[in-house]
Amino acid sequence: MSQKIINTDDLAFLLYEMLDIERFTQFPRYEDHSRDTFDAAIELALKVASETFAPHNRLCDEDEPRFENGKVVIRPEVSEALAVLRDTGLMAASQDYERGGMQLPAAVAQTCIGLIKGANVSTQAYAGLTIAACNLIMAHGTDEQKQRYAEPMMAGRFFGTMCLTEPHAGSSLGDIKSRAIPQEDGTYRISGNKIFISAGDHELSENIVHLVLAKLPDAPPGAKGISLFIVPKFLVNEDGSLGERNDVQLAGLIHKMGYRGTTSTMLNFGEKGGAVGYLVGEPHNGLAGMFHMMNEARIGVGLGSVMLGYTGYLHALEYARERTQGRGLAERDPATPMIPLVQHADIRRLLLAQKAFVEGGLSLCLFSSTLVDEKKHAPDAAAREEAAGLLDLLTPIVKSWPSQFCLEANSLAIQVHGGYGYTREYPVEQFYRDNRLNPIHEGTHGIQGQDLLGRKVSMAGGRFYQSLLTRIRATLAECANVAELKANAELLSAALGTVEGVTDALQAMKKSDPDRALANAYLYMECFGHLVVGWLWLRQAQAALRGLQNGGERPASFYQGKLNACDYFLRYELPKPMALAEVLRSADRTTLDMPLDCF
């Protein structure tokens, strides 16, 4: 458990015993790879995470970026760590060989990224945003834009951001006011104000490539009128050299509860006549491009949530094993030695809940990452289409479920530490503060619930929703006659029936009263998310049972721990949102009916 970032046995178990990622070496893109190369990349990432990123995590929290003499000042360790990330190739782990990448499968690349996030999520954010922006340009940009902007981003010379939010609009992108005026030379002049722009200004790279949402003069109203533009901090000449400073100004830094090492900025575009921008994709189709980046970012948010919860769990586990306090309930003699916290039943409950949330969340993120490769490289067109549809369906869950329940794991880690957990003597309080951002950015829990229930479940006539249910039923059938798994399979089967019934009822109501049908979408998200994570826990239990029976690579205690954690999640956590299923099924109006003047 290097630097208490990850249980490496758990990681190997999920990748190889549950998800069988070695199968991806059959795809031509990955035929040069093997388990050895996958493990080598992961070991490198863990070494970089432990030795380069983890040591300055607390330092950046205590000494956050500041604005001095017209520039953002950041601790030098941040730049040094990002240089290591760039030089090792980890910054572009999934990119093509010819572009300086490792050409790793998404599940392995995401694992490497996750380890860095677990060590220092604030410093990793600069690289994560850059690669997401780079991937957007590679998917939607022109050849010239790819060469001029994306390639230097892959190399770590330029960094990137996405500029969506405006002070007056928040998450309502259709209400943005930033404007783009076309010029005779084919460029645009961008004006407007953006807020909460992570990594929006710094001196860590030669340039910052902002991806900005704005509206053209002839834009239709609402979200359908949004276009997407590249707006670099410094203009880039044809030969790749930097030109003059663009009309992008830092209006101020935002000081946050957590995630303090990443600059959060207010940016003004066009104070001196208009920032030079370059259209990406078609006019008025900016959201399609931006959602390419946002969906990638949403998976990243989910993974970051998991890793912050995971490291908090490992710190709590170590503390509970080492800290002695109290005695067993049957022990009456105060002269007897105190026992470790972990021996108390309630502490074991807190630890089991954390284990169930973070290991379940990690399985969710890694399973979804396998779909990224299947949708691109599966040899069968139908398999590629199904993987793409399942990934779309699961993306709001991947973003939102870990950001809620792995945050809860951080809260429980503080509880294990008792009063010490509430102090800055131990790092668990920082992990909680850092993770508290994740239920907010890239779409809140409520927004993700509305996306899941309002769009994703019914897309393609419900085809991919039904495909997911078919996979869950297949696992249930496999477990139905396995003595060790049968009881848990029955619990999951009951939850599946509940979610199906609720979904049918709300889909029918959506047609006549969408406001009422979606009023409790957050609760639908929790029910659906628990169903999916419960399914993945049952799949983990299947793999753990095989390991126990066949003498697997890991200790018997590891496999038994998986079985016990599956028991806990399906018996203690799965029933909680399902108990409110009738509230969902009836489309309860309590929130809608509350008069505004009665708050």
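Asn69 is exposed, at a relative accessible area of 82%. Exposed here means over 50% relative accessible area, buried means under 20%, and partly exposed is in between, with a 1.4 Å probe and protein chains only. Asn69 sits in the loop between strand 1 (66-68) and strand 2 (71-73). Helices (H or I, at least four residues) and strands (E, at least two) are DSSP runs, numbered from the N terminus. Asn69 is not a glycine, yet its phi is positive, about 55°.

This is a predicted model, in which local features need pLDDT of at least 70, side-chain atom pairs count only at pLDDT 80 or more, and totals for chains, interfaces and linings use all residues. Residues are numbered from 1 along each chain as its sequence is written, and side-chain values use heavy atoms, with hydrogens and water left out.

**Loop residues**

Ala460 also has a positive phi, near 55°, in a residue other than glycine. Its loop runs between helix 12 (445-456) and helix 13 (463-479). Ala460 counts as exposed because its relative accessibility is 52%. Gly551 comes just after helix 16 and takes a positive phi of about 65°.

Asn246 is in the loop between strand 9 (242-245) and strand 10 (248-253). Is Asn246 buried or exposed? Its relative accessibility is 4%, so Asn246 counts as buried. Leaving out residues up to four places away in sequence, Asn246 touches Val231, Pro232, Lys233, Phe234, Leu235, Ala275 and Val276. Contact means heavy atoms within 4.5 Å.

**Asp10**

Asp10 belongs to helix 1 (residues 8-18). Asp10 has a relative accessible area of 0%, so this residue is buried. Beyond four places in sequence, the residues that Asp10 touches include Tyr310, Glu359, Gln540 and Lys562. Leu362 and Phe558 are also among them.

**Strand 3**

Strand 3 (residues 158-163) is mostly covered, with six of its six residues buried. In a regular strand, side chains alternate between the two faces of the sheet. Phe158, Gly160 and Met162 point one way from strand 3. Phe159, Thr161 and Cys163 point the other way. Strand 3 pairs with strand 6 (residues 207-215) in the parallel sense, over six bridges. Pairing requires that DSSP finds at least two bridges between two strands. Thr161 has His210 of strand 6 as its bridge partner.

**Two helices by length and burial**

The expected span of a helix is 1.5 Å times one less than its number of residues.

| Helix | End-to-end C-alpha distance | Expected span | Buried residues |
|---|---|---|---|
| Helix 9 (residues 345-377) | 48 Å | 48 Å | 25 of 33 |
| Helix 16 (residues 521-550) | 43 Å | 44 Å | 25 of 30 |

**Helix 10 against helix 16**

Two packed helices are described by the angle between their axes and the distance between the axes. The axes of helix 10 (residues 381-417) and helix 16 come within 10 Å and cross at roughly 95°. Therefore helix 10 is roughly perpendicular to helix 16. Angles of 65 to 115 degrees count as roughly perpendicular, under 35 as roughly parallel, over 145 as roughly antiparallel and the rest as oblique. Axes are lines fitted to C-alpha atoms, for helices over the stretch in contact, and angles run from 0 to 180 degrees between N-to-C directions.

Which residues meet? Helix 10 brings Leu394, Pro396, Ile397, Ser400, Trp401, Gln404 and Phe405. Helix 16 brings Met525, Glu526, Phe528, Gly529, His530, Val532 and Val533. The contact residues divide into nine nonpolar, four polar and one charged. Ala, Val, Leu, Ile, Met, Phe, Trp, Tyr, Cys and Pro count as nonpolar, Asp, Glu, Lys and Arg as charged, and the others, Gly among them, as polar.
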